[in-house]
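Visitor: I have just begun to read protein structures, and I would like to go through this one slowly, with a reason for each answer. Could you guide me?

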Amino acid sequence: MTAACQIKTTCPYCGVGCGVEASVDNNNIIAVSGDASHPANLGKLCVKGSALHETNGDAGRLLYPRLAGQQTDWPTAIQTVADRLTQVRDQHGPGAIAFYLSGQLLTEDYYVANKLAKGFIGTGHVDTNSRLCMSSAVAGYKRAFGTDAVPCNYEDLEQSDLLILTGSNAAWTHPVLYRRMAEAKAANPNLKIVVIDPRRTATCDLADLHLAIAPGSDQFIFTGLLHYLASNGFTDSQYIDKHTQGFGEAIANASTATLDNVAGPAGVDSNQLKTFYQWFAETDKAITFYSQGINQSATGTNKCNAIINCHLATGKLGKVGAGPFSITGQPNAMGGREVGGLANMLAAHMDYSPENIATVAEFWGADSISQEPGLKAVDLFDAVADGRIKAIWIMGTNPVVSMPNADKVKAALESCDTVIVSDCIAQTDTTATADILLPATGWGEKQGTVTNSERRISRQRALIEPLGEARHDWWIMAQVAQAMGYQEGFAYNSPRDIFVEHAALSEFKNTGNRLFNIGSLSTLSELEYDQLEPVQWPVTAASPSGTKRLFMDGQFPTPSGKAQFVSTEAELPGQRLSDKFPLALNSGRIRDQWHTMTRTGRASRLLDHIEQPFVAIHPDTARAYQLTEHDLAKVTTAQGNVELSVVTDAGLKPNQLFIPIHWNNQFAKSARVDSLVAPIIDGVSGQPEFKFTPATIARINVPCWAVLVSRTKLSCESFINWSLSPLENNQGYLYQVAVTEHFNWQDFIALKRLIDQGPAQAYEHYADESVSDQRFICYSDQQIEMAVFTHADKSQLPGRAWLQRLFVEQVDGNYWSLIASSAEPDQGKLICSCFKVSEKTITDAIEEGACSAQELGQQLQCGTNCGSCVPELNNLITKNLSLA
């Protein structure tokens with residue numbers, strides 16, 4: 001692709017599934033923008049999507065197959081994988097083989113993996129990191145509706161008169177949908193927004209009511225809502241009688257969930273709770289929008305059904321502006337669900353019934369098809385640990401960082417006989433455990449489809465040629481399948497061949513009992529597939545242009561044709577706290593990062609907002625534990641400990657902690673939060689509890705801090721703590737380091753010797769021993785190779801922007817002036833990553849009279865592109881005006 005052109009594709013981040021228009025020239029992605037014609041985002045992009053072109057390039061990419069750490073060719077790699085899998089199957093049975101997949105894979109990749117593993121190798125052990133994301137939502141929908149199907153679409157968010165966001169910080173996790181909500185609120189004065197969240201997050205900026213509930217008490221809230229609706233005559237008896245079953249039992253189960261009985265355990269004011277209940281009761285068009293705060297719980301499925309029960313009781317689904325709306329976290333979690341990429345599913349939304357097994361076996365021509373569900377993620381890695389699984393193939397995910405009890409997962413993989421990892425990144429915490437590394441294509445190189453949270457299938461198109469010898473995941477698996485002797489079942493020439501087979505399976509022997517059906521797409525030609533426009537399933541002869549909303553006729557794919565109320569018992573995780581671990585640890589995303597940073601960590605500006613891992617704590621709790629802002633603290637649970645910088649946050653309740661999920665051993669010494677999380681799972685879905693872990697915290701004494709910039713990566717393992725972030729334009733890396741004693745020049749020499757390229761020839765040194773203020777500039781050939789600054793007071797260290805300029809601006813050999821003079825004052829964190837507007841610049845504008853986000857946007861441009869920073873702009877305005 002050498003000629004300049006514009007290509008439409010889809011974003012690889014969250015479940016919104018935004019359309020992207022990429023500018024490509026000479027096999028380079030020059031720029032990206034939102035696709036105005038795509039119905040998911042209508043031209044909008046968040047800051048992560050806007051920086052997609054900054055995350056490409058060959059730096060850090062896995063470019064060639066590797067066996068036992070040595071580069072090899074593809075024929076050797078393919079045959080080795082095939083031989084290993086065949087040997088394990090023959091010696092130990094198919095159940096000794098597992099596949100662990102990812103919501104980052106395209107549907108075509110997922111389909112081939114599922115078919116190879118379940119259909120031909122015969123193992124049911126095929127699970128995915130989507131188990132960690134939305135499997136409770138799947139189970140909740142299946143129990144209520146008889147199928148895994150989201151009934152709403154994004155337009156409903158704009159047509160609703162009441163939006164309830166529970167377990168969702170959409171402003172940071174799904175920013176484009178948050179912007180659509182904000183625009184809807186501005187256009188509709190009747191729209192009310194309720195946020196239910198233990199933390200006061202950026203999303204609360206839009207809220208008319210924030211219920212700051214006790215962690216894990218969501219189910220109490222919605223069981224109480226059901227009781228309130230029934231007790232006060234707000235249920236829709238006609239809808240209940242005609243379209244549902246189990247209402248009487250559900251109401252009996254909720255009989256004690258009075259306002260007072262709910263408000264106490266939930267930790268909310270009973271008057272506020274009544275306000276929410278009354279709004280829901282009196283509003284016909286209500287959406288409950290829920291995400292990981294609901295799903296990632298030991299009782300996540302019950303929480304989902306408690307929400308759905310309230311919508312069934314009032315008939316608030318199957319119509320415009322209403323319904324229970326689970327929003328997925330990954331770009332193709334839905335596509336993985338469609339093909340059967342969960343251990344408890346077979347294929348095409350079919351479970352493991354004898355009838356379905358026979359149907360899929362006939363379609364695939366598979367004599368060795370798996371006969372029973374496989375192990376779900378936590379149990380799967382337990383089986384790796386105890387040796388039941390001898391070979392595991394991991395694709396496009398990083399379980400050593402993302403799984404609960406992550407240190408055990410790391411040890412399990414290190415001891416496993418055969419670990420195969422397909423990835424586009426060479427160095428991750430998981431690739432470090434691999435025996436066989438296979439270079440996969442990444443976003444911008446892949447071809448296929450993804451399905452977003454509103455059931456919308458979109459094309460992800462190749463923009464550039466694959467780097468090195470990277471190959472598509474589906475191609476790799478098809479080659480392995482053929483090398484294992486399954487030539488006929490895997491003779492694919494393109495992703496279109498796979499997609500049309502997947503579509504054909506969805507309608508094969510489908511008499512209407514399976515709602516997932518895209519049979520009308522099974523005859524697409526290569527050209528039609530390439531030009532496929534976004535479409536919502538089902539896509540059938542009866543609905544060839546797709547289906548916006550489900551269940552509008554009140555019919556459900558259950559044996560009775562009726563939706564099911566599910567009676568649930570609620571429990572509070574707070575009972576797990578103890579004197580040893582008295583604090584409740586929560587985890588989640590931050591605004592500008594994605595999962596384990598293998599992509600977003602490559603873009604400097606995405607680390608300008610929050611550049612290092614942290615633990616957030618309420619100011620009162622910080623004082624109780626003798627912690628202050630920017631201290632280094634050790635957070636400990638029964639599983640392990642991490643060491644993080646302290647951030648005080650009054651948006652948390654006392655005795656609660658929050659740690660972001662993203663950092664790992666590639667970016668920090670001790671920050672993998674999931675190494676702290678116990679492997680407690682939902683009994684129905686198998687989804688782990690990531691939102692509540694009993695913990696404690698203690699201050700670590702740091703006599704001296706250092707900040708380093710280096711053109712090459714360094715080893716800082718000898719220090720107490722470190723974190724790194726990339727500099728702009730691949731200029732180098734910035735390290736923040738905690739040391740045990742005054743920084744010593746001999747220590748610096750040890751670091752300098754680790755530089756692989758362009759070693760420094762000389763240095764300049766400045767020292768003020770009274771405050772541990774030491775500064776070093778190392779240079780060669782009129783170029784700075786490394787700079788080190790130390791100080792006892794962390795706040796006196798130079799800021800990121802000034803340090804980065806050391807590698808950009810011409811210094812003309814005047815190194816002494818750089819270290820002898822004071823560095824430019826830190827401008828604070830970058831609030832607007834799109835236009836690089838700092839906190840100090842914004843507060844200066846507020847002090848000069850700007851009193852709205854709109855005025856700040858007019859002056860500084862902040863908040864005018866992706867809009868992700870608008871809640872922070874409003875918070876800064878409120879904070880500064882309150883001090884005036």
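Visitor: How many of the 13 residues of helix H21 are buried?

Guide: This is a predicted model, and what follows is computed from its atoms. A residue counts as buried when its relative accessible area is under 20%. The buried residues of H21 include Pro495, Arg496, Asp497, Ile498 and Phe499, and Leu505 and Ser506 are also among them. The helix is therefore mostly covered, by the cut-off of under 20%, and the number of its buried residues is 11.

Visitor: What distance does helix H21 reach from its first C-alpha to its last?

Guide: Helix H21 covers residues 495–507, which makes 13 residues. At 1.5 Å a residue, the expected value is 18 Å. The model comes close to that expectation, with a reach of 19 Å.

Visitor: Which residue just after H21 takes a positive phi?

Guide: Most residues other than glycine have a negative phi, and that is a reason to look for exceptions. Just after H21 there is one residue with a positive phi, of about 50°, and it is Lys509.

Visitor: Is His630 buried, partly exposed or exposed?

Guide: His630 lies in the loop between helix H23 (619–624) and strand E25 (632–636), and it has a positive phi of about 75° although it is not a glycine. Its relative accessibility is 41%, and the partly exposed class lies between under 20% for buried and over 50% for exposed. His630 therefore counts as partly exposed.

Visitor: Where is Asn730 found, and is Asn730 buried or exposed?

Guide: The phi of Asn730 is near 55°, which is a positive value in a residue other than glycine. Asn730 has its place in the loop between E30 and E31. Since its relative accessible area is 65% and exposed means over 50%, Asn730 is exposed.

Visitor: What is the volume of the second largest pocket?

Guide: Asn730 appears here again, for it lies nearest the centre of this pocket together with Ala59, Arg602, Pro726 and Tyr733. The lining has 36 residues, and by class these are 10 nonpolar, 18 polar and 8 charged. The volume of the second largest pocket is about 930 Å³.

Visitor: How much space lies in the second largest cavity?

Guide: A search of the whole structure finds 8 cavities of 30 Å³ or more. The second largest cavity is lined by 13 residues, with Gln612, Leu632, Trp705, Asn721 and Lys794 nearest its centre, and the lining divides into 6 nonpolar, 5 polar and 2 charged residues. Strand E26 (641–648), strand E30 (721–726) and strand E31 (733–739) each supply at least two of the lining residues. The space in this cavity is about 90 Å³.

Visitor: Which helix gives the most residues to the largest nonpolar core?

Guide: The largest nonpolar core has 203 residues, and those with the most contacts inside it are Ile221, Phe276 and Trp393. The helix that gives the most to this core, with 8 residues, covers residues 107–121 and is H3.

Visitor: How many residues are in the second, separate core?

Guide: In the largest core, Phe276 touches residues that include Ile164, Val194, Ile221 and Leu225, not counting residues up to four places away in sequence. The second core is separate, and Leu62, Val384, Ile394 and Val409 are among its members. The number of residues in this second core is 25.

Visitor: Is Arg131 buried or exposed?

Guide: Arg131 is found in the loop between strand E7 (126–128) and helix H4 (135–145). Its contacts, not counting residues up to four places away in sequence, include Leu342, Asn344, Lys376, Ser685 and Pro688. Because its relative accessible area is 1%, and buried means under 20%, Arg131 is buried.

Visitor: Which two residues are joined by a cis peptide bond with omega of about 5°?

Guide: Most peptide bonds are trans, and a cis bond therefore stands out. One partner, Pro538, has its place in the loop between strand E21 (535–536) and strand E22 (563–564). The two residues joined by this cis bond are Trp537 and Pro538.

Terms used. Residues are numbered from 1 along each chain as its sequence is written. This is a predicted model: local features need pLDDT of at least 70, side-chain atom pairs count only at pLDDT 80 or more; totals for chains, interfaces and linings use all residues. Side-chain values use heavy atoms; hydrogens and water are left out. A nonpolar core is a set of buried Ala, Val, Leu, Ile, Met, Phe, Trp, Tyr and Cys residues joined through side-chain atoms within 4.5 Å. Buried means under 20% relative accessible area, exposed over 50%, partly exposed in between (1.4 Å probe, protein chains only). Helices (H or I, at least four residues) and strands (E, at least two) are DSSP runs, numbered from the N terminus. Contact means heavy atoms within 4.5 Å. On a 1 Å grid over the protein atoms alone, a cavity is a set of points where a 1.4 Å probe fits but cannot get out, and a pocket is an open set with protein on both sides within 12 Å along at least five of seven lines; lining residues have an atom within 4 Å of a point. Grid points are joined across faces, edges and corners, and a volume is the space filled by probe spheres set on the points. Ala, Val, Leu, Ile, Met, Phe, Trp, Tyr, Cys and Pro count as nonpolar, Asp, Glu, Lys and Arg as charged, and the others, Gly among them, as polar. The expected span of a helix is 1.5 Å times one less than its number of residues.
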